[in-house]
Amino acid sequence: MARIVDQIKGHGQRLQALIRCAQEGSLGSSLLLCGPSGVGKRQVALGLAQILICEGEGLGCGVCPACLRVEKRQSESLLMIEGQETIKIDEVREVIKALSLVKWGRARVVLIDDAHLMTAQACNALLKVLEEPPKDSYFFLVTHQERSLLSTIRSRCETLRFGYLSRDVVEEVCGVSGWLASQGSVEMAQKLADSDWEQARSKLNSFFFTLLEGDRSKGFELARELARDRTQLTFFCREGQALMRDVRMNQEEIAISMFEDQRELIQRLNSLSGNAILEVGQSLIQMERDAFTNVDRTLLLENFWLASKEIFSVSSNEGGL
Ligand SMILES: [Zn+2]
């Protein structure tokens, strides 16, 4: 038995401010908690729900029956929708129906996890209740794909953006260190710890070699492999950004600790212009965002290959490469 907010790692001041608002009764009734996956957004939503629903004196005491029921997810005041593939209108309707019933506790919280999975009909059904929320009701929408949510829903909510976690926090939560801990997300660090990330980095290196060598068919073949799962693609985008940063720093003769298996690649990319590196880096940032939408991941990588090839060619005409 415990206060959920005490179990949350990271998000220091922002979390403290939210806790205060929840305790003082000044928390918005519709919140959109967004940001990268695996940084604890859902846990924050649950922690706030516990404070709002608590019937002890400590406003989130962690020991009263109401707090305990929230912790065990058995509270009748906490209505949760957790999407698998899509969140359909029936699930939203059921929650709205439950809100019309007699309220027993201090407040009721509707928590919709992976809110971007709501169908358009589900969003519209929710919209009606967001416009006129029942008294003492709160709606917490959690998502790592803010832009996939209907704009009408977003505009009805107060947006809380969460950033990546610090290396110390990931280290503490996952028990990993070094590069794995620098991923900024517990989910990402755990997935990578369970997978062969050296092989994943080797694929990234090969992909960039196909660009240098103009080997489109090998490049597209790698694109298909990398697109197989989202974690792999996200990893590709993040490590690609780090690679571009390393190339740029190497150009400026700033000492960097590079991976031994990237030394040759960094040397060869060294002759790209600074602008070309920046452009490729920006495409990688954009692709990381797009990876969380419903676009075809293979197509994303193929387009990235073609655009980068173009950037490399222009750079080489300007005297690079
Ligand atoms: Zn309590």
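This is a short tour of a predicted model, from its domains to its sheet and then to three helix pairs.

**Stop 1: the two domains**

Start by colouring residues 4-163 as domain 1 and residues 195-317 as domain 2. If you place a marker at the centre of each domain, taken over C-alpha atoms, the two markers will be 38 Å apart.

**Stop 2: the sheet**

Next, show the strands as arrows and look for an open sheet of five strands with parallel pairing. Reading across the sheet, the order is E2-E3-E4-E1-E5. Which strands are at the edges? Select 78-82 for strand E2 and 158-161 for strand E5: each of these pairs on one side only. Turn the view to see how neighbouring strands sit against each other; on average they are turned by 15 degrees, direction ignored.

Now zoom in on one pair. Select residues 30-34, strand E1, together with residues 137-143, strand E4; they run in the parallel sense and are joined over five bridges. For a landmark here, pick cysteine 34, which stands opposite threonine 143 in E4.

**Stop 3: H7 and H9**

Select residues 167-174 for helix H7 and residues 186-194 for helix H9. Their axes are 10 Å apart and the packing angle is about 55 degrees, so H7 and H9 count as oblique to each other. The crossing is right-handed. Show side chains for Val170, Val173 and Cys174 on H7, then for Val186, Ala189, Gln190 and Ala193 on H9, and you have the residues that make the contact. What is the character of this contact? Six of its residues are nonpolar, one is polar and none is charged.

**Stop 4: H10 and H11**

Move on to helix H10, residues 197-213, and helix H11, residues 216-226. Here the axes come within 9 Å and cross at roughly 150 degrees, and the two helices are therefore roughly antiparallel. H10 passes H11 in a left-handed crossing. On the H10 side, display Lys203, Ser206, Phe207, Thr210 and Leu211; on the H11 side, display Lys218, Gly219, Leu222, Glu225 and Leu226. Colour this contact by residue class and you will find four nonpolar, three polar and three charged residues.

**Stop 5: H11 and H15**

Keep H11 selected and add helix H15, residues 297-317. How far apart are the axes of H11 and H15? They lie 8 Å apart, with a packing angle of about 145 degrees. The crossing of H11 and H15 is right-handed. From H11, the contact takes in Gly219, Phe220, Ala223, Arg224 and Leu226; H15 brings Thr298, Leu301, Glu302 and Trp305. By class, the contact of H11 with H15 holds five nonpolar, two polar and two charged residues.

Before you leave, click on Gly219 and Leu226 of H11: both belong to the contact with H10, and both belong to the contact with H15.

Key. Residues numbered from 1 in each chain as written. Predicted model: local features only at pLDDT ≥ 70, side-chain atom pairs only at ≥ 80, totals over all residues. Domains from an automatic or database assignment. Pairing = 2+ DSSP bridges. Helix = DSSP H or I, 4+ residues; strand = E, 2+ residues; numbered from the N terminus. Axes fitted to C-alpha atoms, helices over the stretch in contact; angles between N-to-C directions. Parallel < 35°, antiparallel > 145°, perpendicular 65-115°, else oblique. Left-handed = near helix turned anticlockwise from the far one by under 90°. Contact = placed C-beta atoms within 7 Å. Nonpolar A, V, L, I, M, F, W, Y, C, P; charged D, E, K, R; others polar.
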